[in-house]
Structure formats: C-alpha cells, structure tokens
Amino acid sequence: MIYEGKQKIWSDYQKEIPDDHYYYVRSCIRQTFFPASEGALLKITRGILGRDVFENEHHTTCGGIAYHTDTIPHETVMTIVARQFALMHKHGYENYVCSCITSFGIYIETLETWRNFPELEAKIAENLKKTCNLEFAKPKFVVHTSDLIYKLREEIASKAKYKLVNVKTGQPLKVVEHIGCHYSKMFPSKGVGGAEYPYVLAGMVEAWGGEIVDYPERRHCCGFGFRQYLIKANRGYSLSNTHKKFESMEPYEPDFIITNCPGCAYFMDRWQYVIAESQGKTYGENGRGIPVLTYEEVAGLVLGFNPWDLGLQTHQVYVEPLLDKLGIPYEPAKKFLGAKGQDLGCPALPTCLKV
Amino acid sequence: MAKNIIIIGGGPAGMEASARLDALGYTVFLVEKEKALGGHLARWDRLFPEGKPAGPVLDSLVGNLGNTKVLLESDVLSLNRLGDSFRISLSSGVSVIADAVLLTTGFDLFEASKKEEYGYGIYDHVVTNADVEEFFRTGGDPRIDNPQRIGLVHCVGSRDEKAGCRNCSKVCCATAVKQACELKAKFPAATVYCFYMDLRMFGRGYEDLYLKAQKEYGIRFIRGRVSEVSERIDKTLQIKAEDTLSSTPLRVTLDLLVLMAGMRPSREGTKVAKMIHLATGDDGFLSSLDGFGGMQATSIPGLFVAGAATGPKTLPDTIAEARAAASLIHEYLQKS
Amino acid sequence: MIDFGFYLTPSSTIDLDKVDRKAVDDLARADSGIRTCIACGSCTASCTAGVFADTSVRQAILSVLNGRNEKARELLSSCMLCGKCMMVCPRGINTRHLILSIQKYFDGQ
C-alpha cells in the first residue's frame, strides 16, 4: 500500500466545511443505540470548542428509513427535507449539520434532485407552503457531524488527554474505519476523501495518534441495508455481509472499529454477538470481539470523558480491553449505574462472545 | 526556394511524414516537446501481433528523416495563420514561417490512477500496459516480482463514460493478449487471466494471436470487467468481476494486475488545436475534414492531421496516414 | 449455540483460487478445446439434447474452468454424442472427443 497514492486521492476530494454556526438535526436511532454520542458531540463542539451549534425541538425524522423501506414516496421525503431546511432558515442559519448518514444521503440526494429537476423543486416549495406555511430555503452547506468533527480534529488533538496509542507497547492502535454507504458512495464529491478512500474518519484517527487498517472489504456495506435487516426472512443477508467484513479484517487484528453511521455502528457491534452465538466464531483478542465506536465516542475518550458517561456500557462488545490499551481509567462497579446512581443491573452475558 | 512544412509531434506519424516530405524536397521542421523522438513507440518493447521488437521499427523511422530539421524540447507557444502561411513560435526561442502544417500530436495514455477502484499508484502490485513494456525493455520493476497469478484488465479508460472516455482505444485488446503471452513466457508457471468485455481482434494476424494465447499459452479469458481491486495483508490482490458467461460473480487472488490504459486525446494536440482554431470532436480528438476521403485534411487550408491525433490508431494505421498526409501536402503545395 | 431463525447465506461467487488447475491442465492435454472455446454458443444452440435437458458444451467447458466440475458432468450427462455441435463449432473443436475426455477424466477420479 503506497500511502502517497492515497494522499493524492484525498487531495482530489476536498470538501468545504464551515468552521462555525450550524443548525443541528439528530438521528432517529442513534439516541437509543448509542445514547451518549449526540450528547458528546454537543459537549465537544459547544462546550469545549465553543462553536455555535443550534438545535430546536421542532425538527423531525428526515424520513429516510421509511423511504429506504419503500413505505413513503420520494416526494413526501423531499417535503420533509424542505421543512427541515425551512426551520434552519427561520432560525437564521445557512449551515446544516446532521447526525445520521442516512439523513446525510437523503439531504444530498434531495438537493441534487432539485438541482437537476427545478420543476420538482418548485413543486416541493409549494407543498411546503401548503402543508406548513413555511418559507422554502436551501442550506449553503450540508455537512455530516463526522465532517464537523473532522474539521475540528486538530483542535481536539490539541486538547487531548489520551492518544490512540497502546500504552503498554507504545504502538499506534490499529483502527478499522467504516464509512456509511450513503456518506459518499452516491456522491463521492460530497464526502471528505471521496468514496474509494474516504478520509473523514481516517483523518481523525491519524490526528489522534492511531493507524488506519486498509483491509480488502473496507468498501463493503456493514450489512444493515434497511430491508435486509428489517424483514426477518432477509436478515441472513445482513448477517452474511457483516460476517464477510469481519472475515476480511480479522488478519489485521484491529484494536477497534470507528464508524460514522448509526446503522453500521449498531450492526457491526451486535452482529458479532449473533455470529458468536450462532456460529461459535469470535473476532478480536481472546474471543472478546472487536469494539465498535462512534467517532464522538472516540473523540470523547481522547478528550478524557468518563467512559460510562459516553455510554460505552451500552455496547455489546465490551470496551474494557480497549480502555486498558488506551490507559483510560474506569470503575467497573459503576458501569451499570443509572444517571441517579441507581443499580440498573448487568445484562445477561453471552456464552461464546467473551466479556 | 523549397517550401517550409512544420510537423508538430515527433512520434511515428510525425517521423514518417517528415521522411516522405523531406524526400520530396521540402524543408521540414519536426517539432517535439520531449528530449527524444519516438513518442510512445520509444517506450514500447515489442509490437503486436507477431511480437516484433519496437527498437528496429523506431530506428528505421529515425533513420529515414534525411535533412529534416528536428527541434527537440520545444513547446509550441503560438501557432497562427499569416495570410496563406503559418507562423509558429517555440519555447526554445525559434520561430518558423511555413506553407503547411501537419499535426501529428498523437495520444496520451489514460491516467490509470483515475480508476480509483483499481488502486494504481496505491497498491504495490498494480501496473499499466506501459509499465509492462518498460519492464521488458529495461528488465526491472519491483512491482513485478516473480508473479504466479497475473491478471490483465482490458478497457481501462476506454468504453467508460464515467471516466469520460466512451471510445474504444482499438489497440488494447491486441496489446493485452500480446502481453499476456509475454508474461506467461517470462513466468512459465504463472496462471494468466485476461478480463475483457469484448475481444476486438480485428487486424491481420490478431485472431491467430488470440488462438495462440489460448492454446499454447493457456491464457484464461474471462468475459467481465474487473469491478473492484483490494490489497490483502500479504500484498496480494483480491479481484472481483462477474463471469458474464455464467452470470456469476467471480473472485480471484493475484500477484500482479496489469491495467490496459487506453488512448486519450493528447494535451499537446488539444492545446495546439485551440491556438489554430481547429475543432475537436465530442471525444476530444482533433476533427479532420471527414472520416473518409478527407481524413488527413482539416477545415483550415494548409493544416493537415495524421495518426492518433484524430482518434485511436494502430501503428500501421498511423504510418499509412502519415504517408497519405505527405502525399496530400505535396499536392496542396504544388497547387499553391 | 442459539438458533436466531436466520443464518449466514452461502456465497455463490466463483472462487478461482479453488479451481483444480491440474484438472484443467490434464484436460487441456487430452483436448485443447477446453482452452480454445470462444463461448459463441453454437454448440448449445444446435444441441439435440439441450432442448429437453440442461445440456451445453459451452457451459460445461466454462464450469471446468471455474472449478465446478460436478456441474460440468451434469451438463454433459444427457449428451447423445450425435456430433451436431462438432459440425457448428467455429474453432473446429472436436466436441465429441472433448465431451468424452471430460467425462472420462472425472469418472476416473
């Protein structure tokens, strides 16, 4: 692998990411899957780095899951999108940042559709007027929250308490970066580094001291695939895709996986349990699986957040071996305590996947 | 007084036309931007279909130049018409007034790194057709390290609208089959695969080459375009394609992948055409007057074209066009 | 082990790494037709048996090259050795000899 070759591609796909003043929209599923990630994003951008990231309670889903499962038509999705953009405009923002890759794909796809079919844009503007009585507007910039953290990666590095380095060996941690399909596969120019060698997460990992693992199936879908998972009869396909990725990355012995998509983080984490319990096959050291983290969780760890405040106890694959490598202290007894300190109880433990 | 002719591009077309026009008694200025004549031919080892060495062909083209004034390392700064004649200024400081101009600006090889999914310039063992010729010519390339499993991908930067190249590059099929045989001969224990979409073995002796590749060299031809290449931990390459003949996805591990980079309009030709207001086609190649009787003429009196400047050509095609152009220029100058 | 009610799906991909290269080489020595086929489909189109049973010399050759030897045998199992495919093959392959060679080779294994 010739690193300079990758750098050349990265330089071909630069994306303008504004430094400040964002209208922020959340992901539907991330708040339940990885509940502290979005909170960590706001703590880091607003609290630590002093950026203006505005959120308001009137924004909704982007409609992406319904769209990708064929339950609502494209026009409906575009009207939902127009409403989100109108809310941004109403509050005086022109930079739009979303927390979900599916949403990011929907926003970019919608804007591209409007660009190519102005008559459709006019129709959606009319729909918006009729249904919500809101003024149609388009953002100047649409970025994903991982773009924003990428933009701020050096500032985060300058405030870092920990590096992505194995404290026992002094070696950089080996990190698999997994990009959600809808980040740049549809529109490579809209993603940092393009679609073939996306740099958005690689840039963070490099800035924070880790080393990227390029394994053969790095472009492969995590397996979620909406319908593949949502319909049980198809779920084997979902599992098989995840299995394919893990088989491909296994020889590289990655220390953890970082991903920027809600679905990917969830499925690459949970399917390791299903593969272990149904096939007896485990990945990672000592059968303990390969931890899968969101980029905010990684940023939070680097900045010295308490792992349990970052929600790492909600992961299927236990993160303790990773924390030990990073030299990050944690209190095992407090892992399953609620916000008020009450004992929530330890979930049932798997058989094959070691904890 | 002998009339002046400027020929821009010192590849096979430019050299052949120079030789012919010089023999007819004209004063020929052959302009070449590189340090030496020969164009792509100078970088090639052997030629299809028989595998004839390129060196003697080049030597013979150079040897026939006669009194041609060869202007090397000369970029064209300007080219414009002055009444019935043309004026050219070169980066070397030389300016020439000529009665006719022939553009033999040839082609550029497609930049294989643009097909990001093939990993040229990123993976350790991905090379191009030109690299293979260089390997055979000079004998060394660390990327070609006793490979036992070799794949050749046809149509890299050809028949690919996404890469901005709709055209077939005409010579890559025959080149791929030639190189497949050469690599098999060099590494006798290797398994060699050609990934093709259509095999365009149109010329004399080409089909024989194909049959020989199958029968004597045991080359496996797979009808399907390579869609994805990845590097494994041991630096071998994981290839994905569809075997379209069985409608089934296929994968294979290789030690060497050769990309058959296609022919693109040359940057130099495009630049010069703009200076003299010569139109280019939708494909970017220079426009000749028409594709039949007017192949070497252009819309501009006194301006002529030959070789791959007007689209992908084989070497014999190129030489034939250069001769045709020389004959046409002679006719034009006799009348004027 | 837990049965979740859904399973890993077996891959249909042809894996050329697993092709029995010796079989291909042995067969090519017995009959070069295994290598010189250009997949035109004339044999399949004219096949007497092909309209009734899944029979195709072209596909049988391809199956051997792709390491699906069992499938190659199946594709030739209904052949009546009539020789029509030999008449139409543009590469002049002695298809009867090739068919018998393939069957004989794998029968012997």
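This is a short tour of a predicted model, going from chain A as a whole to a few strands and loops worth selecting.

**Stop 1: chain A, whole**

Start by selecting chain A and showing it as a cartoon. Its secondary structure comes to 16 helices and eight strands. The radius of gyration of chain A is 20 Å, close to the 20 Å that the globule rule gives for 355 residues, so this chain is as compact as a globular protein of that length. If you draw the principal axes, the C-alpha trace spans about 60 × 50 × 50 Å along them.

Now colour chain A by accessibility. Of its 355 residues, 57% are buried. The chain exposes about 14300 Å², and carbon and sulfur atoms supply 52% of that area. Next, try a contact map: among contacts in chain A with a separation of 6 or more, 76% are between residues 24 or more positions apart.

Colouring by charge is the last step here. Chain A carries 40 positive and 41 negative charges, and the mean positions of the two sets are 2 Å apart.

**Stop 2: the open sheet of chain A**

Staying in chain A, select β5, β6, β7 and β8. What is the order of these four strands in their open sheet? Reading across, the order is β6-β5-β7-β8, with parallel pairing. The edges are β6 (211-212) and β8 (292-294) of chain A, each of which pairs on one side only.

Zoom in on the middle of that order. Strand β5 (residues 174-178) of chain A runs parallel to strand β7 (residues 256-259) of chain A, and four bridges join them. To find your bearings in this pair, label E177(A), which stands opposite I258(A) in β7(A).

**Stop 3: two hairpins in chain B**

Move to chain B and select strand β16 (residues 237-243). Six of the seven residues of β16(B) are buried, so this strand is largely enclosed by the rest of the structure; buried here means under 20% relative accessible area.

Add strand β15 (residues 228-231) of chain B, which is antiparallel to β16(B) and joined to it by four bridges. V229(B) is the residue to label, as it stands opposite I239(B) in β16(B). The two strands form a hairpin with five residues between them, and in the turn K235(B) has a positive phi of about 75°.

Then add strand β17 (residues 248-254) of chain B. Seven bridges join this strand to β16(B), again in an antiparallel arrangement. Here L237(B) stands opposite L254(B) in β17(B). This pair is also a hairpin, with four residues between the strands; look in the turn for S247(B), whose phi is positive at about 50°.

**Stop 4: Y13(A), a loop residue**

Go back to chain A and centre on Y13(A), in the loop between α1 (3-12) and β1 (22-25). Measure the C-alpha distance to G194(A) in your viewer: the two residues are 181 apart in sequence and 5.4 Å apart in space. Beyond its neighbours within four places in sequence, Y13(A) contacts P188(A), S189(A), G191(A), V192(A), G193(A) and G194(A), together with E116(B) from chain B.

**Stop 5: R91(C), a loop residue**

Finish in chain C with R91(C), located in the loop between α6 (84-88) and α7 (95-107). Which residues does R91(C) touch, not counting those up to four places away in sequence? They are E207(B), Y210(B), L211(B) and Q214(B) in chain B, plus T36(C) and I38(C) in chain C. T36(C) is 55 residues from R91(C) along the chain, and their C-alpha atoms are separated by 7.0 Å.

Methods: Residues are numbered from 1 along each chain as its sequence is written. Chains are lettered from A and ligands numbered from 1 in the order in which they are written. This is a predicted model: local features need pLDDT of at least 70, side-chain atom pairs count only at pLDDT 80 or more; totals for chains, interfaces and linings use all residues. Side-chain values use heavy atoms; hydrogens and water are left out. The radius of gyration is taken over C-alpha atoms; the globule rule is 2.2 Å times the number of residues to the power 0.38. Buried means under 20% relative accessible area, exposed over 50%, partly exposed in between (1.4 Å probe, protein chains only). Contact means heavy atoms within 4.5 Å. Accessible areas come from the Shrake-Rupley method with a 1.4 Å probe; for residues, only the protein chains shown count as cover. Lys and Arg count as positive and Asp and Glu as negative; His and the chain ends are not counted. The place of a charge is taken as NZ of Lys, CZ of Arg, CG of Asp or CD of Glu. Two strands pair if DSSP finds at least two bridges between them.
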